[in-house]
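Notebook open, structure loaded. I'm jotting down what I look up as I go.

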Number of protein chains: 2
Amino acid sequence: MADHGAKTALYDALADSAKALANGRRAELVDVLAQGERSVEELADEINQTVANTSQHLQRLLRSGLVESRRDGTRIYYSLSSPIVTTLWRTMRRAAEEHVADLERLAADYVGDRSKLRTITRDDLRARLRDGDVVVLDVRPEAEYAAGHVRGAISIPIHDLRSRLGEIPDGSEVVAYCRGPYCVFADEAVRILTKKGVTAVRLEDGFPEWAGARLPAAKANRQRKFTS
Amino acid sequence: MADHGAKTALYDALADSAKALANGRRAELVDVLAQGERSVEELADEINQTVANTSQHLQRLLRSGLVESRRDGTRIYYSLSSPIVTTLWRTMRRAAEEHVADLERLAADYVGDRSKLRTITRDDLRARLRDGDVVVLDVRPEAEYAAGHVRGAISIPIHDLRSRLGEIPDGSEVVAYCRGPYCVFADEAVRILTKKGVTAVRLEDGFPEWAGARLPAAKANRQRKFTS
DNA sequence: GGCGTGTTCAATAATTCTCTTGAATAAGAC
DNA sequence: GTCTTATTCAAGAGAATTATTGAACACGCC
């Protein structure tokens, strides 16, 4: 093959989007950004890194084209540049789950023991939503609920759940969800609710997966401060 | 978060499958392995690298769990360990196509000018197969055809095409395919056939994509006879 | 046993990646 | 204009990655 410099360059470029995700911290960033746009500082906080380091990772993602940024006053907000990025991240995760040795143990180390928690699949939830016999509970921060949520879900961020238990209709069965399979908010919610005598299960994955499967979702307008 | 060592470890592990693909040479390897298993030497040849270097890349892939190996006498054959790996590679490629600046130019540098070549989508081909008014031509090496091909396709490796033109029924319209969008065998086939006065188009992607979409495929060693 | 072939291993240098530190920049508030 | 805040830049140390080289190993064959 005469042009194998061109072939090398092409495959190097194809590998670039993998390189962008080939780092645990950047994977965390993409995972958070799958919930909606965030400022650098918020992201740094989510991934427990310095702002400078987070900024550098974000710029790497930016160069790869997987994320976009916009300025609003003094803040810069990053977001995923297309649904393909969510798909890519989800596919990567599935591949890791299937093939990376020890992933199960690592996941258990992080999310704790889930053996006592009942879970329900997206399809099951969809069916139950049609029957209308279930309360869907979004326990992510309010801004993430506003950016997109399961249609019909109510929003009670996990940190407010104990004090807002009254908002959950008596005698109802609750399905809680959060960011995704490696997010522990919904686990915590199920534990709290169960302790209070409310029947509760967790959706096995989170909102991005729901939206990615084109299941019914809704969007509320995020309140934003405008300066003149 | 108390356990953010566990979180770090988990996301590092999730990023591992991306790391495995985060190299142009390994991307080439996966691309070839998507056609079926290969020995180290064959792979080294396909990607224009030394055997030692190829072996190292393969062992990296092996450690990541994305490929498997088996020994047959003095040779060791590598193969993708599950269909998810093909999906992952395809998704990565789509993400790169959408987001990596310059990818179009790099692709054009490698595959040459395709503007004169007519292409046809998987769905179109499927419809035409049902109507039965088309000859599907697999121009990959015979071993790859044997490992799996579009159901009903005939096999003429690209290097034999000129001398085996007679096997193509007179007056038929040909759809040629090969390994995937970045493989140039089918392009070459269409050019050869067109020059000989045979109407020919290329399938826009290759066999792994066809199989991945669960379209009719066959695995037999024997190719079907073309009947009316 | 020795020989040939296919593959892996081990050591190395060049390069790239990652995180840290502290300074620089950009926008808004005063 | 100065001050404050959010973000980026620049430089550097330590680690990981990559291609190269030559030796070592495993298997089949005589």
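**DNA strand D**

I started with who supplies the surface near DNA strand D, and the largest share, 5 residues, comes from H4(A). A reminder to myself: this is a predicted model.

Next I checked which elements each give at least two residues to that surface. In chain A they are helix H3 (40-46), helix H4 (51-64) and strand E3 (75-80), and from chain B there is helix H4 (51-64).

I then pulled up the residues around DNA strand D and got 21 of them. The closest are Ser39(A), Glu41(A) and Ser55(A) from one chain, plus Asn23(B) and Ala52(B) from the other. By class, the surface near DNA strand D splits into 11 polar, 6 nonpolar and 4 charged residues.

**A look at Ser55(A)**

I picked Ser55(A) off that closest list. Ser55(A) sits in helix H4 of chain A. Is Ser55(A) buried, partly exposed or exposed? I find 17 C-beta neighbours inside 10 Å, so Ser55(A) goes down as partly exposed; buried would need 20 or more. I also checked Ser55(A) against Arg71(A): they are 16 residues apart in sequence, and their C-alpha atoms are 14 Å apart in space.

**Chain A against chain B**

How many residues does each chain put into the contact? I get 49 from chain A and 49 from chain B. On the chain B side, helices H1 (4-21), H2 (24-33), H5 (83-99) and H6 (103-111) each supply at least two residues. H1(B) has the largest share of that side, with 16 residues. Sorted by class, the side of chain B that touches chain A has 25 nonpolar, 13 polar and 11 charged residues.

I wanted to know whether the copies use matching surfaces. For chain B, 100% of the interface residues are interface residues in chain A too, so the two copies meet through the same surface.

Then I superposed them. A turn of 180° with a shift of 0.0 Å along the axis lays chain B on chain A, at an RMSD of 0.0 Å. That is how a two-fold axis relates copies. Within chain B, Ala18(B) has the C-alpha nearest the axis, 2.6 Å away.

**Nonpolar cores**

Last stop: the largest nonpolar core, which has 68 residues. Those touching the most other members are Leu21, Val30 and Met92, in both chain A and chain B. I followed up Leu21(A), skipping its neighbours within four places in sequence: its contacts include Val30(A), Trp89(A) and Met92(A), as well as Ala15(B) and Ala18(B) across in chain B. I also noted a second, separate core of 27 residues, with Val134(B), Ile154(B), Ile158(B) and Cys183(B) among them.

Terms used. Residues are numbered from 1 along each chain as its sequence is written. Chains are lettered from A and ligands numbered from 1 in the order in which they are written. This is a predicted model: local features need pLDDT of at least 70, side-chain atom pairs count only at pLDDT 80 or more; totals for chains, interfaces and linings use all residues. A residue is near a molecule or strand if its C-beta atom, placed from the backbone, lies within 6 Å of it. Helices (H or I, at least four residues) and strands (E, at least two) are DSSP runs, numbered from the N terminus. Ala, Val, Leu, Ile, Met, Phe, Trp, Tyr, Cys and Pro count as nonpolar, Asp, Glu, Lys and Arg as charged, and the others, Gly among them, as polar. Two residues are in contact if their C-beta atoms, placed from the backbone, lie within 7 Å. A residue is buried if 20 or more other C-beta atoms lie within 10 Å of its own, exposed if 12 or fewer, and partly exposed in between; C-beta atoms are placed from the backbone. A nonpolar core is a set of buried Ala, Val, Leu, Ile, Met, Phe, Trp, Tyr and Cys residues joined through C-beta atoms within 7 Å. Copies are superposed by least squares on the C-alpha atoms of residues with pLDDT of at least 70 in both.
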